[in-house]
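This report introduces a structure to a reader who has not met it before. It begins with one helix and its surroundings, and then turns to charged side chains and their partners.

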Amino acid sequence: MKSETASLIAPTEPTAPAQLAAPPPLSPLYPPSRIRLSSSHRGARLARLLAAQQLEEWGIPRTTATGAVVVAVIAELAANAVTHGRTPGRDFEVRLALSAVVVRVEVLDTRPDRLPRVPGLTLPPPPDATHGRGLLLVAAYADRWGWCVRDPYTTKTVWAEVEYRPPYSSRSHK
């Protein structure tokens with residue numbers, strides 16, 4: 001995460017994404033989690049819940065700063081996938097991986113022709129708008145994010161990384 005003391009309610013300044021770039025190589029500690037979900041609001045909700053469960057299994061409770069940020073990022077990316085990246089009859093996929101220093105989220109949708117708008121480079125939504133701020137949150141919470149089109153006819157991947165610092169263990173310093 002950008003700062004251990006950063007408030008989860010007041011995100012820091014958004015960063016520009018690594019546009020049209022595949023995520024950097026990662027050496028996961030565990031086999032990455034992959035799940036396909038229906039492109040529906042129920043699928044987006046399940047993505048958030050299953051990701052929180054996976055983080056818990058990896059020892060990162062949702063109540064920690066890292067867990068809360070990762071779940072928030074997944075919620076936004078999954079909501080975008082079902083809202084803007086939906087093709088009727090096709091699912092979206094959520095991938096989650098943990099390395100020694102980062103949690104990576106990848107959300108694959110079926111609309112490679114609809115690329116994310118870049119916060120800071122496109123006009124923000126009007127103050128009274130009820131949508132249009134999801135990527136602002138992703139940019140503020142994630143340490144790195146971006147997207148890539150793996151196959152121009154079938155999928156787009158939007159990814160984000162949140163730095164992870166395992167909890168201090170007194171046993172390792174005796």
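## A mostly covered helix

In this predicted model, helix H3, which spans residues 134–141, is mostly covered, since six of its eight residues are buried. The buried residues of H3 are Gly134, Leu135, Val138, Ala139, Ala140 and Tyr141. Among the elements that cover these buried residues of H3 are helix H2 (65–84) and the two strands E4 and E5.

A general point helps when looking at the positions listed for a helix: an α-helix has 3.6 residues a turn, so residues three or four places apart point the same way.

## Glutamate 93 and its two arginines

Across the whole structure, a search finds 10 salt bridges. One of them joins the side chains of glutamate 93 and arginine 34, with an N to O distance of 3.0 Å. This pair links distant parts of the chain, for glutamate 93 belongs to strand E2 (residues 92–98) and arginine 34 to strand E1 (residues 33–37), and the two are 59 residues apart.

Glutamate 93 also meets arginine 36 in a salt bridge, here with an N to O distance of 3.9 Å. Arginine 36 lies in strand E1 and glutamate 93 in strand E2, so this pair ties together parts that are 57 residues apart in sequence.

How do these side chains stand with respect to the surface, buried or exposed? Glutamate 93 has a relative accessibility of 7%, and because buried means under 20%, this residue counts as buried. Arginine 34, in contrast, has a relative accessible area of 55% and is exposed, and arginine 36, at 55% relative accessibility, counts as exposed as well.

## A bridge between strands E4 and E5

Which residue forms a salt bridge with arginine 144? The partner is glutamate 163, and the closest N and O atoms of the pair are 3.7 Å apart. Here too distant parts of the chain are linked: glutamate 163 is in strand E5 (residues 155–163) and arginine 144 is in strand E4 (residues 144–151), 19 residues apart.

Both residues of this pair fall in the middle category of accessibility, as glutamate 163 is partly exposed with a relative accessible area of 27%, while arginine 144, at 33% relative accessibility, also counts as partly exposed.

## One network

Salt bridges that share partners join Arg34, Arg36, Glu93, Arg95, Arg104, Glu106, Arg144, Glu161, Glu163 and Arg165 into one network. The pairs described above, of glutamate 93 with arginine 34, of glutamate 93 with arginine 36 and of glutamate 163 with arginine 144, therefore belong to this one network.

Terms used:
Residues are numbered from 1 along each chain as its sequence is written. This is a predicted model: local features need pLDDT of at least 70, side-chain atom pairs count only at pLDDT 80 or more; totals for chains, interfaces and linings use all residues. Side-chain values use heavy atoms; hydrogens and water are left out. A salt bridge is a side-chain nitrogen of Lys or Arg within 4 Å of a carboxyl oxygen of Asp or Glu. Helices (H or I, at least four residues) and strands (E, at least two) are DSSP runs, numbered from the N terminus. Buried means under 20% relative accessible area, exposed over 50%, partly exposed in between (1.4 Å probe, protein chains only). Contact means heavy atoms within 4.5 Å.
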